[in-house]
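Could you walk me through this structure, one step at a time? I am new to it and would like a guided tour.

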There are 2 protein chains.
Amino acid sequence: MSEESLEGNCLVAQSGGPTAVINASVAGVVSEALNHECIGEIYGGLNGVLGILKEDLIDLAEESQQNIRGLRYTPASALGTCRYKLEKEEDFERVIEVFQAHEIRYFFYIGGNDSQDTADKISKLAQDRGHEMRVIGIPKTIDNDLVGTDHTPGYGSVVKYICTVVREFTLDHEAMGQHDLVSIIEVMGRNAGWIAAGATLAKRRDNPKDPPHLIYLPESNFSREKFLEDIQGVLKKERHCLVVVGEGLRDKDGNYLANASTSKDDFGHEQLGGVGDYLATFVEQNLAVKARSAKLGTGQRAAAHCSSQTDNDEAFLCGQAAVQAAIAGETDKMVTLVRGEGDPYTCETGLVDLSEVANGVKEIPESWIAEDGVSLAFQFIKYAQPLIQGEVEVPHENGLPQYVRLSKKRIRRVLDKYVISD
Amino acid sequence: MSEESLEGNCLVAQSGGPTAVINASVAGVVSEALNHECIGEIYGGLNGVLGILKEDLIDLAEESQQNIRGLRYTPASALGTCRYKLEKEEDFERVIEVFQAHEIRYFFYIGGNDSQDTADKISKLAQDRGHEMRVIGIPKTIDNDLVGTDHTPGYGSVVKYICTVVREFTLDHEAMGQHDLVSIIEVMGRNAGWIAAGATLAKRRDNPKDPPHLIYLPESNFSREKFLEDIQGVLKKERHCLVVVGEGLRDKDGNYLANASTSKDDFGHEQLGGVGDYLATFVEQNLAVKARSAKLGTGQRAAAHCSSQTDNDEAFLCGQAAVQAAIAGETDKMVTLVRGEGDPYTCETGLVDLSEVANGVKEIPESWIAEDGVSLAFQFIKYAQPLIQGEVEVPHENGLPQYVRLSKKRIRRVLDKYVISD
């Protein structure tokens, strides 16, 4: 840790899938950066590393205060995001060139594990090239699968929205209660089932039989036979059955259950979808009951209208903490959320080496999944419950949420144009 | 109109698909009924006409005031609903028998066109049998397809939720803006495209190019060729394309585009679904772009967490107005919403003959659909905009909406058990 003051400009960028609170982290960076005289300009990189490669940088200090305040409740990625993976040597060299040209001494990268890996590599290359710079990652992912942090900003909000929707589906089911009825709600979550698991919070306190009756996680090998048995068991007792499934369900051989699309993103992740529809059809074909499906789609990760104030506050805090850590001389670290011991829930920030986070995946502890494989143990509920507390107030105009768009005033390019080779 | 005071009990029941505000109408009935001494007991029929046939009646006056107040923001159907169609003569006779046994002199039936038809038949049979009774229908349907009323309670709320979701999808799309991307959002609406059309309100004022870029209504014959052309046209200009489709899309021969399930409900309506997934796959197969789908499912009609205060107030008002009309001697009528002329928007209630409403379907006027067939004219926007104004405040507990369940204290059955023949 070098404690001397480092003078220069700062750059913040966002990467990976949008969330309801990723912009709150940008707001945290900007508001904290303004407090430190050693930070000159506050730049934003458009569309993650792509904006750095292309020198597409904006001056965040030029944004109105209303806009920066508006980032607190505006979902998705106000700076734009990307799934481009820095791999080629010339790309990395270009990043360093851009950082040198604009005297970037503080780099804050908000993203998931792939993004933290990118930040780690950039940090190490900068050291290698003798460009003094402090690089701090800011955690972000609805998937909650980052190692080194208790949980990730973005997770609490997606869970809050899904649970709200499940409660409303539940009342709809109960109202139609004269017939056997199965609803399958498909939620996001590629490898780890944190999001699907979170749906368990929709149960009212002391009502363990409340929907969702069955939750299927990508972690558990999915068996079609057991699935039908599970549903029949619930229908017998409850007359209706509400199921939540993670999009990444796989059978015991590791094959995805449904794969509506065969496309892959730039990181080679398979794009999943359609498992809800698939299972609803499977139920109708095999049991004499009506089955429906719902798929909230990518809107679920951007559902700021129903987001968690706790999540939002923590995302903001992570942005502030990143700047404070960098000012204090830290580099090559990611901000973490550290849960206090005991009740009530408290949370402060910590730091972890980027290399430790990069490309790791945090799975749900096995003991947090109940023995039936379709519900969650109390440890999970105790863990997740605090993360959905509090309602973010979104200003409305003309009946709809009034989200902000940054004015995105570009700073002057000083380098030659760079062509990204595909 | 017989103006003399009629002494007896009142019964309210709900029918058809749940909505975010149908319970507000029950609250309106109960609170108004309490004001009139000629009304003795205030009963609720469980699960629509099924509850009447089975003598499954509850005492609504026994419910706590908290519960009745909670109905104002609790979605779905607190009394339960049904899609059972009264057709057999013995069923009708049984209804009259139950009404006579419990001295029901006021019957309020909250539902869509099928339900108003049922109410009309019951009313006429009661007259025939010499059972003096006043029957008033209360409009309800997210589909907004009832004739005789300017709009229907339930519609404004589903549109508000869909538009909120579309705005959030839009930000998500914009954030990912480096690639061509198509999202298809499938919304409810079997025959009339009022719900899909409502999504146009998601566009910001003075931003006609905002998503949804394309809206396909069941009214317009769907052409697969034009669909692909439309999308290519949008992608060329906007780089991304957000499409809203009504579930009931049909081609020029009247065939449903997609029909994931072949089941029919008790009224013979085909249960639709899957057109969003179908079209996303169709796009990927025919255009070299990534396409995603989302399907909000039946949760959309129960999304009280994002419902319209205007809609809610009007649903309550319809409940009150029904009681007032019956007390004033009206019968065999449905309450209507009557829009005031000029700006700002005002609305009061009126009455229309049940027979006029029964089984009619109100379609969107052709001139309200723009010439391109995929957007709405200003007349539609002017019509729909006021209906989504204001945000219903839902109390939260432990991070989630706290909806009420009625305690449903059954009244004593006095008749022999009735077996409903299938």
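Here is a tour that starts where the two chains meet and then turns to chain B. Please keep in mind along the way that this is a predicted model.

Let us begin with the interface. On chain A, 58 residues are in contact with 58 residues of chain B. If you look for the parts of chain A that supply at least two residues each to this side, you will find helix 6 (155–175), helix 9 (275–286), strand 9 (290–295) and strand 13 (400–401). Helix 6 of chain A gives the largest share, with 11 residues. As for the chemical character of the side of chain A that touches chain B, its residues divide into 23 nonpolar, 22 polar and 13 charged.

How are the two chains arranged relative to each other? A turn of 180 degrees, with a shift of 0.0 Å along the axis, lays chain A on chain B with an RMSD of 0.0 Å. The two copies are therefore related as by a two-fold rotation axis. To find that axis in the picture, go to A:Lys295: of the residues of chain A, A:Lys295 comes closest to the axis, with its C-alpha at 2.5 Å. The interface fits this picture too: 100% of the interface residues of chain A are also interface residues in chain B, so the copies meet through the same surface.

Now let us move into chain B and stop at a single residue, B:Val404. You will find B:Val404 in the segment after strand 13 (400–401) of chain B. Is B:Val404 buried or exposed? A residue counts as buried when 20 or more other C-beta atoms lie within 10 Å of its own. B:Val404 has 20 such neighbours, so B:Val404 counts as buried. Leaving aside residues up to four places away in sequence, B:Val404 touches B:Asn67, B:Gly70, B:Leu71 and B:Thr74. B:Ala78 is 326 residues away from B:Val404 along the chain, yet their C-alpha atoms are separated by 8.3 Å.

Our last stop is a pair of helices in chain B. The axes of helix 4 (residues 89–101) and helix 5 (residues 113–129) of chain B come within 10 Å and cross at roughly 70 degrees. Angles of 65 to 115 degrees count as roughly perpendicular, and these two helices of chain B are therefore roughly perpendicular to each other. The crossing of helix 4 of chain B past helix 5 of chain B is right-handed. Helix 4 of chain B makes the contact through B:Phe92, B:Val95, B:Ile96 and B:Phe99, while helix 5 of chain B uses B:Lys121, B:Ile122, B:Leu125, B:Ala126 and B:Arg129. These contact residues divide into 7 nonpolar, no polar and 2 charged.

How values were computed:
Residues numbered from 1 in each chain as written. Chains lettered and ligands numbered in written order. Predicted model: local features only at pLDDT ≥ 70, side-chain atom pairs only at ≥ 80, totals over all residues. Contact = placed C-beta atoms within 7 Å. Helix = DSSP H or I, 4+ residues; strand = E, 2+ residues; numbered from the N terminus. Nonpolar A, V, L, I, M, F, W, Y, C, P; charged D, E, K, R; others polar. Least-squares fit on C-alpha atoms with pLDDT ≥ 70 in both. Buried ≥ 20, exposed ≤ 12 C-beta atoms within 10 Å, placed from the backbone. Axes fitted to C-alpha atoms, helices over the stretch in contact; angles between N-to-C directions. Parallel < 35°, antiparallel > 145°, perpendicular 65-115°, else oblique. Left-handed = near helix turned anticlockwise from the far one by under 90°.
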